[in-house]
Amino acid sequence: MTVAPPDGSRDRRIEIPSNLWLIHPAGRALLPLALARGISANSVSIAGLCLGGAAALAYTQWGNWALALVGLVLSMGWLIADGLDGMVARATKTASPLGRMLDGLCDHGVFALIYTSLAITIDTPEGWIIAFAAGGAHAVQSNMYEGERSRFHRRIKGVALEAPPVPTGNALVRFYDGVASSIDRIAMPFERTLGQSSDPVALGALYGARAVAPLRFMALLTANVRVWAIFVACFAGNPRIFWWFEIVALTLVAIVGLVWHRRVERAFVRTSATRPKTASRMHLS
C-alpha cells in the first residue's frame, strides 16, 4: 500500500499509479534535503523548468530512440520537481497566488518548449498548426482539471464556497486563477447545498465517494500521461500522434469528466431539495 501524503494535501483515491508509486515518493524523499538547504518552492519550480527545457532539447532528436528516452527521463525529473515545489511551499508555509501562478506557468512552459521542439523538427505549416492547437487544448484542459481537483479536495473536508472567488493580484495572476475557478460559478448549487447542510463533513464524505470516479477518469489529463504519450509517439516515429491525442482524446476526456462531475453534484442537489434530511441520512438513487 502506498503512503498518503503527510500534509493531507492529496486524496490518493484520485491519483494515478505513476504519482502514487514514483513521482510523489521521490518528491517526499527529496523534501528533507530541500528544506535543509533552504531551497524555496519557486526555485524548485524554476529547476523543473530547466529539466523540462533539457527534455525539449533531447526531443529535437526524437528520431534517435536513445535521445527520446533521455527526453522521457528528463521529463520525469521535471514531474518530480513539479510535485516537490508544492511540498516545499506547504512545509515552509510559503504558498501564495504568485507561487501558484509560477508553478502553473512553468508547467505550461515545459510543454510549450517540447511542443515547439517537435514542431521545429517537422517544420511544415500543418505541423505548426497542429502543435499550436494541441498547446491551446492542453492549456485549457490542464487549468480546468486543476480547478476540479482543488474543488474535490476542499469539498471532502466539508468546506463550501459562499460565493465564486474573485481573482486578485496582477493581471496575469487574475487571468490564471479566473480560468482555473471558472467552473465554480456553475457548481454553486452544490456549494450552497454543502454549506447549508447540518453536517457538511458527512455530506462531503458522501460527495467524495461519488466524485472519485469522474475525478479518477479526469486524471488522464495529468502531465504524467502526456509525458508518456509524447515518448510513445516519438518512439513510434510520428509526433503528430501525440498532438492528435491531445486535441481529440484528451479533449473528450475533459468534456466527459466535467459533465460527469456536474451530474454527481446535481444528484446531491436534487436529493437535498426533495428530502431535506441531515447529510448523514441522505441516500442517492
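Good morning. I begin with Arg149, which counts as buried at 12% relative accessibility. Please keep in mind throughout that this is a predicted model.

What does the side chain of Arg149 meet in a salt bridge? The partner is Glu146, with a distance of 2.9 Å from N to O. In contrast to the buried Arg149, Glu146 counts as partly exposed, because its relative accessibility is 34% and the partly exposed class lies between 20% and 50%. The two residues sit three positions apart in helix α5, which spans residues 125-155, so about one helical turn separates them. As a general remark, side chains of opposite charge can pair when their charged atoms come close.

I now stay with helix α5 and turn to pairs that reach further along the chain. The side chains of Arg151 and Asp184 form a salt bridge of 2.7 Å, again from N to O. This pair links distant parts of the chain, since Arg151 belongs to helix α5 and Asp184 to helix α7 (residues 183-186), 33 residues apart. Are these two residues buried or exposed? Both Arg151 and Asp184 are buried.

The next pair is Arg155 and Glu265, whose closest N and O atoms are 2.6 Å apart in a salt bridge. Here helix α5, holding Arg155, is linked to helix α11, holding Glu265, across 110 residues of the chain. Arg155 has a relative accessibility of 0% and therefore counts as buried. Glu265 is buried as well, with a relative accessible area of 4%. Through shared partners, salt bridges join Glu148, Arg151, Arg154, Arg155, Asp184, Glu191, Arg262 and Glu265 into one network. In the whole structure, the search finds 11 salt bridges.

Helix α11 also brings us to the packing of helices. Helix α10 (residues 223-235) packs against helix α11 (residues 240-274) at an angle of about 140 degrees, and their axes are 8 Å apart. That angle makes α10 oblique to α11. Which residues meet at this contact? From α10 come Val225, Arg226, Ala229, Ile230 and Ala233, and from α11 come Ile241, Phe242, Phe245, Glu246 and Leu250.

Finally, let us consider the surface. Trp65, Leu69, Val73 and Phe235 make a nonpolar surface patch of about 460 Å². Which helix gives the most to the nonpolar patch? Helix α3 (residues 65-92) does, with three residues. One residue of this helix is Trp65. Trp65 is exposed, because its relative accessible area is 57% and the cut-off for exposed is over 50%.

Thank you for your attention.

Definitions and conventions
Residues are numbered from 1 along each chain as its sequence is written. This is a predicted model: local features need pLDDT of at least 70, side-chain atom pairs count only at pLDDT 80 or more; totals for chains, interfaces and linings use all residues. Side-chain values use heavy atoms; hydrogens and water are left out. Patches are made of residues with over 30% relative accessible area and no salt bridge: like charges are joined within 9 Å, nonpolar side chains (Val, Leu, Ile, Met, Phe, Trp, Tyr) within 5 Å. Accessible areas come from the Shrake-Rupley method with a 1.4 Å probe; for residues, only the protein chains shown count as cover. A salt bridge is a side-chain nitrogen of Lys or Arg within 4 Å of a carboxyl oxygen of Asp or Glu. Helices (H or I, at least four residues) and strands (E, at least two) are DSSP runs, numbered from the N terminus. Buried means under 20% relative accessible area, exposed over 50%, partly exposed in between (1.4 Å probe, protein chains only). Axes are lines fitted to C-alpha atoms, for helices over the stretch in contact, and angles run from 0 to 180 degrees between N-to-C directions. Angles under 35 degrees count as roughly parallel, over 145 as roughly antiparallel, 65 to 115 as roughly perpendicular and the rest as oblique. Contact means heavy atoms within 4.5 Å.
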